[in-house]
Amino acid sequence: MHDEDGGKAAGRSVRWRPRNGRDVSVASAAREWVLGVLPRLLARPATPRLCANVELLVSELTANALLHADGVGYIDVYCTDRVLGISVHDDVPAPVVAVQAPAPDVDHGRGLLLIEALAARWGVRDHPDDGKDVWLELALDR
């Protein structure tokens, strides 16, 4: 579900600022960082499924920031008892393109479809004069 009221929930949170958010290496560095902070944020070990979903979704969010904005400004990760949230900030205030399936023979354009399929909810939070955050929340099974 695309929802524009998302944001940091009460709970544990951390922020990462890459050295160079415009370099393509930011995607792998972001995945490594997020997977590294998961044990600290979760009250229990992360399941292999959660780690795989986080790795894929961080890749998609950072790739979109690299391709469609001016790179990654910072990444916030937050955790409550029920959700794990990930938010990627970029400096371009342009809205995110609507989710639509690409033609079958196109080799790109499925990132937001993956986010929509795997996230409990996601959205875009505009920061006037400071870009936007594209965020998502993953439900944590009890």
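Two strands count as paired if DSSP finds at least two bridges between them. The exercises below apply this to a predicted model.

**Exercise 1.** Find which residue in β5 stands opposite Arg 125, and how the two side chains interact.

*Solution.*
Step 1. Start with the strands: β4 and β5 pair in the antiparallel sense, over 6 bridges.
Step 2. Across this pairing, Arg 125 stands opposite Asp 133 in β5.
Step 3. Side chains of opposite charge can pair when their charged atoms come close.
Step 4. A salt bridge needs a side-chain nitrogen of Lys or Arg within 4 Å of a carboxyl oxygen of Asp or Glu. The closest N and O atoms of Arg 125 and Asp 133 are 3.2 Å apart, and the two residues form a salt bridge.
Step 5. Buried means under 20% relative accessible area. Asp 133 has 3%, so Asp 133 is buried.
Step 6. Now look at the connection: β4 and β5 form a hairpin with 5 residues between them, and Asp 129 in the turn has a positive phi of about 65°.

**Exercise 2.** Give the strand order of the open sheet, and explain why β1 and β4 stand at the edges.

*Solution.*
Step 1. The sheet has 5 strands in the order β1-β2-β3-β5-β4, with antiparallel pairing.
Step 2. β1 (12-16) and β4 (121-126) each have a single partner strand, so one side of each has no neighbour in the sheet.
Step 3. On average, neighbouring strands are turned by 15° against each other, direction ignored.
Step 4. Helix α1 (residues 26-41) packs on the sheet and touches β1, β2 and β3; its direction makes about 155° with that of β1.
Step 5. Helix α2 (residues 48-68) also packs on the sheet, touching β2, β3 and β5, and its direction makes about 15° with that of β3.

**Exercise 3.** Two salt bridges involve Asp 76 and Asp 70. For each, name the partner and state which parts of the chain are linked.

*Solution.*
Step 1. Asp 76 forms a salt bridge with Arg 15, with the closest N and O atoms 2.6 Å apart.
Step 2. Asp 76 is in strand β2 and Arg 15 in strand β1, 61 residues apart, so the pair links distant parts of the chain.
Step 3. Asp 76 is buried at 4% relative accessibility, whereas Arg 15 is partly exposed at 41%.
Step 4. Asp 70 meets Arg 22 in a salt bridge (2.7 Å, N to O).
Step 5. Arg 22 lies in the loop between β1 and α1 and Asp 70 in the loop between α2 and β2, so parts 48 residues apart in sequence are tied together.
Step 6. Arg 22 is exposed at 57%, and Asp 70 is partly exposed at 38%.

Key
Residues numbered from 1 in each chain as written. Predicted model: local features only at pLDDT ≥ 70, side-chain atom pairs only at ≥ 80, totals over all residues. Heavy atoms only, no water. Helix = DSSP H or I, 4+ residues; strand = E, 2+ residues; numbered from the N terminus. Axes fitted to C-alpha atoms, helices over the stretch in contact; angles between N-to-C directions. Contact = heavy atoms within 4.5 Å. Buried < 20%, exposed > 50% of the residue type's maximum accessible area, 1.4 Å probe, protein only.
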